[in-house]
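Open the model in your viewer and keep the sequence panel beside it. We will go from one selection to the next, and at each stop I will tell you what is there.

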Amino acid sequence: MAYDAEVLVIGCGNVLFKDDGFGPAAINKLEEQLEERPLPSNVMTVDAGTSAPHYIFSLPNPMWKKIIILDIADFGGKPGDIKILSKEDVPQGKYQDPHSVSVADPLDELGEVEIVIIACQPEKVSSPFVEYGVSDSVAEAIPKALDIVYEEVNI
């Protein structure tokens with residue numbers, strides 16, 4: 001699949017590990033409401049699961065102007081808190097894909113692309129045990145995160 005859009009809204013995370021599924025859950029909710037709350041034509045949504053660092057961010061497209069990432073991050077907040085992070089806020093050596101590729105490394109390769117990370121403080125990440133579905137506090141944070149997405153795409 002080609003990611004041919006000026007703005008990508010990317011949900012990252014593993015739906016099998018409780019709150020790590022925040023990004024994909026947020027993308028699903030965003031896509032469910034597109035009929036009543038459409039995005040501009042230059043915006044593409046992507047449920048990237050755990051493959052964003054390896055398959056998406058490492059294959060840049062010259063038409064990209066902004067990438068909005070929905071993901072969990074432990075920033076010391078209460079479960080369900082939302083915080084906007086820059087790529088400089090991503091701790092080195094953390095948030096790596098299963099092959100130990102840091103998220104920050106491929107983001108650094110994107111050059112002039114604006115990166116906005118909409119992070120949710122998780123309540124529980126169940127890795128290595130499978131536990132499907134985000135916690136109530138994280139599910140309740142999704143509408144706030146999507147409001148930020150709409151602000152970022154100028155709606």
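## The whole chain

Start with everything selected and the surface switched on: the protein chain exposes about 8,100 Å², and carbon and sulfur atoms supply 50% of that area. Accessible areas here come from the Shrake-Rupley method with a 1.4 Å probe, and for residues only the protein chains shown count as cover. This is a predicted model, in which local features need pLDDT of at least 70 and side-chain atom pairs count only at pLDDT 80 or more, while totals for chains, interfaces and linings use all residues. Residues are numbered from 1 along each chain as its sequence is written, and side-chain values use heavy atoms, with hydrogens and water left out.

Switch to cartoon, and you will find four helices and five strands. Followed along the sequence, they give the pattern β-α-β-α-β-β-α-β-α. Helices (H or I, at least four residues) and strands (E, at least two) are DSSP runs, numbered from the N terminus. Of the 155 residues, 50% count as buried; buried means under 20% relative accessible area, exposed over 50%, and partly exposed in between (1.4 Å probe, protein chains only). Among contacts (heavy atoms within 4.5 Å) between residues at least 6 apart in sequence, 80% join residues at least 24 apart.

## Colour by confidence

Next, colour by pLDDT, the predictor's confidence in each residue, from 0 to 100. The chain averages 86, and 85% of the residues score at least 70. Among the elements, α4 has the highest mean pLDDT (98) and helix α3 (residues 104-108) the lowest (65). Now select residues 94-101: pLDDT stays under 50 there, and the model has 15 contacts for this stretch beyond four places in sequence. Where pLDDT is low, the predicted coordinates should not be read in detail.

## Into the core: α1 and Val149

Select helix α1 (residues 22-32) and show its side chains. Its buried residues are Phe22, Gly23, Pro24, Ala26, Ile27 and Leu30. What do they pack against? Their partners are β1 (7-12), β2 (43-49), β3, β4 (82-85), β5 and α4.

Which residues does valine 149 touch, leaving aside its neighbours within four places in sequence? Select valine 149, in helix α4, and you will find Val9, Leu30, Ile68, Leu70 and Ile118 in contact with it. Valine 149 counts as buried because its relative accessible area is 0%. Draw a C-alpha to C-alpha distance to isoleucine 68: the two residues are 81 apart in sequence and 7.3 Å apart in space.

## Salt bridges

A salt bridge here is a side-chain nitrogen of Lys or Arg within 4 Å of a carboxyl oxygen of Asp or Glu. The whole structure has four of them.

Go to arginine 37 and aspartate 147, whose closest N and O atoms are 3.1 Å apart. This pair links distant parts of the chain, with arginine 37 in the loop between α1 and β2 and aspartate 147 in helix α4, 110 residues apart. Arginine 37 is partly exposed, at 30% relative accessible area, and aspartate 147 is partly exposed at 36%.

Then select glutamate 152 and lysine 66, where the closest N and O atoms are 2.7 Å apart. Glutamate 152 sits in helix α4 and lysine 66 in strand β3, 86 residues apart. Are these two residues buried or exposed? Both glutamate 152 and lysine 66 are buried.

Move on to lysine 124 and glutamate 131, with a closest N to O distance of 2.8 Å. Finally, add Glu114 to Lys66 and Glu152: salt bridges that share partners join these residues into one network.

## Asn61 and its polar contacts

Select asparagine 61, in the loop between α2 (52-56) and β3 (66-72). Asparagine 61 counts as buried because its relative accessibility is 17%. Its side chain makes a polar contact of 2.7 Å with the side chain of aspartate 4. A polar contact is a pair of N or O atoms within 3.5 Å; within protein, one must be able to donate a hydrogen and the other to accept it, and residues adjacent in sequence count only if both atoms are side-chain atoms. Also look at the backbone nitrogen of methionine 63, which lies 2.9 Å from a polar atom of the asparagine 61 side chain.

## Last stop: a surface patch

Bring the surface back and select Val15, Leu16, Val130 and Tyr132, a nonpolar patch with about 400 Å² of accessible area together. Patches are made of residues with over 30% relative accessible area and no salt bridge: like charges are joined within 9 Å, nonpolar side chains (Val, Leu, Ile, Met, Phe, Trp, Tyr) within 5 Å. Tyrosine 132 is in the loop between β5 (114-120) and α4 (136-152), and it is exposed, with a relative accessible area of 64%.
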